[in-house]
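Hi,

Here is the structure I promised to send over. Have a look, and my notes follow below.

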Amino acid sequence: MPLPKAELHLHIEGTLEPELAFALAERNGVELPYADEDALREVYSFSDLQSFLDLYYELMAVLRTEQDFADLADAYLARAAAQGVRHAEIFFDPQAHTSRGVGIGTVVEGLARALDRSEERHGVSTGLILCFLRDEPAESALETLEAARPYLHRIVGVGLDSAEVGNPPAKFRAVYEAAAALGLRRVAHAGEEGPPEYIAEALDVLGVERVDHGLRCMEDPALVERLVRERVPLTLCPLSNVRLRAVEDLAHHPLPAMLDAGLLCTVNSDDPAYFGGYAEDNLRAVRDTLGLSRERLRELARNSFLAAFLDHDEERRAR
Ligand code: ADE
Ligand code: ZN
């Protein structure tokens, strides 16, 4: 039996399995440049974050209607539940859809259709986190937050993802200030491929409460000390790090050293359809390869609930 856990770093578009991609392509009359599911799977070999993002954005072409987004989220929630996930905070990338002519309302209402039934159907409580694409201009992020205003009751927080290097957190100061003023929680990807300075900047300039990945903090002992002291949760994604070559292989993943340092680590799946595993698959992989003890695995599961925005409604009322 998998341990009950919360999943805090999961891109819903990254749960698009080849079978569903082809089914949606057919439903929507979209031509995919791959002969079949096997041919598609063959291109799941990445050299870095950008090589993955190219395919990730390309396949989104099949997502067009509210029902598509509902089917995508429902398929993820069923898989997550089978892996012991009891609470999921789900990232979505509105700009990757609005730039193709799919309105943010279609995306949010579609996802909400699945999320609203999730507790009853799958026993998984949920939250939605709207992510800004950091390789797009800051003005586009501000426009996206503005466009999301009618749907804010559906959204727990904001995040920052896509190509990290060269797109530091400070570029998004204004939109994070606006999000905070609207009562939204704040997270950001930092230190996946980017330097440790981006992690400090995400905390200092964007006011994030959790850091997504945060892997490269290990290059800066003073930063590690700060993250430990301030109990900043890190949402690690070990299989993603291997597939995107952020680490040499799983045996070299710094998770054990991070736990030994006292960091508040969680284990998540990032883009499970592309990286070879959902939440429990990631935990099993680190257990088997890194020899994590049962106590360490329990700590990771406990941390996932500690780091979750389960108190969001009370927090919001208190502001
Ligand atoms: N978008 C989807 N997955 C991502 C990742 N691992 N890093 C940055 N942006 C992403
Ligand atoms: Zn991610």
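Which residue stands opposite Thr266 in β8? That one is Thr235. Pro233 likewise has a partner in β8, standing opposite Leu264.

Some housekeeping: this is a predicted model, where local features need pLDDT of at least 70, side-chain atom pairs count only at pLDDT 80 or more, and totals for chains, interfaces and linings use all residues. Residues are numbered from 1 along each chain as its sequence is written, while chains are lettered from A and ligands numbered from 1 in the order in which they are written.

Now the sheet. It is open, with eight strands in the order β1-β2-β3-β4-β5-β6-β7-β8 and parallel pairing (two strands pair if DSSP finds at least two bridges between them; strands are DSSP runs of E, at least two residues, and helices are runs of H or I, at least four, numbered from the N terminus). At the edges sit β1 (5-7) and β8 (264-267), each pairing on one side only.

β8 runs parallel to β7 (residues 233-236), and four bridges join them. From β8, Leu264 and Thr266 point one way, Cys265 and Val267 the other, and all are buried (20 or more other C-beta atoms within 10 Å of the residue's own, with C-beta atoms placed from the backbone).

Two helices pack on this sheet: α15 (residues 279-290) touches β1, β2 (85-92) and β8, while α16 (residues 294-306) touches β1, β7 and β8. Touching relies on contacts, meaning C-beta atoms, placed from the backbone, within 7 Å.

Cheers

Note on methods:
Axes fitted to C-alpha atoms, helices over the stretch in contact; angles between N-to-C directions. Buried ≥ 20, exposed ≤ 12 C-beta atoms within 10 Å, placed from the backbone.
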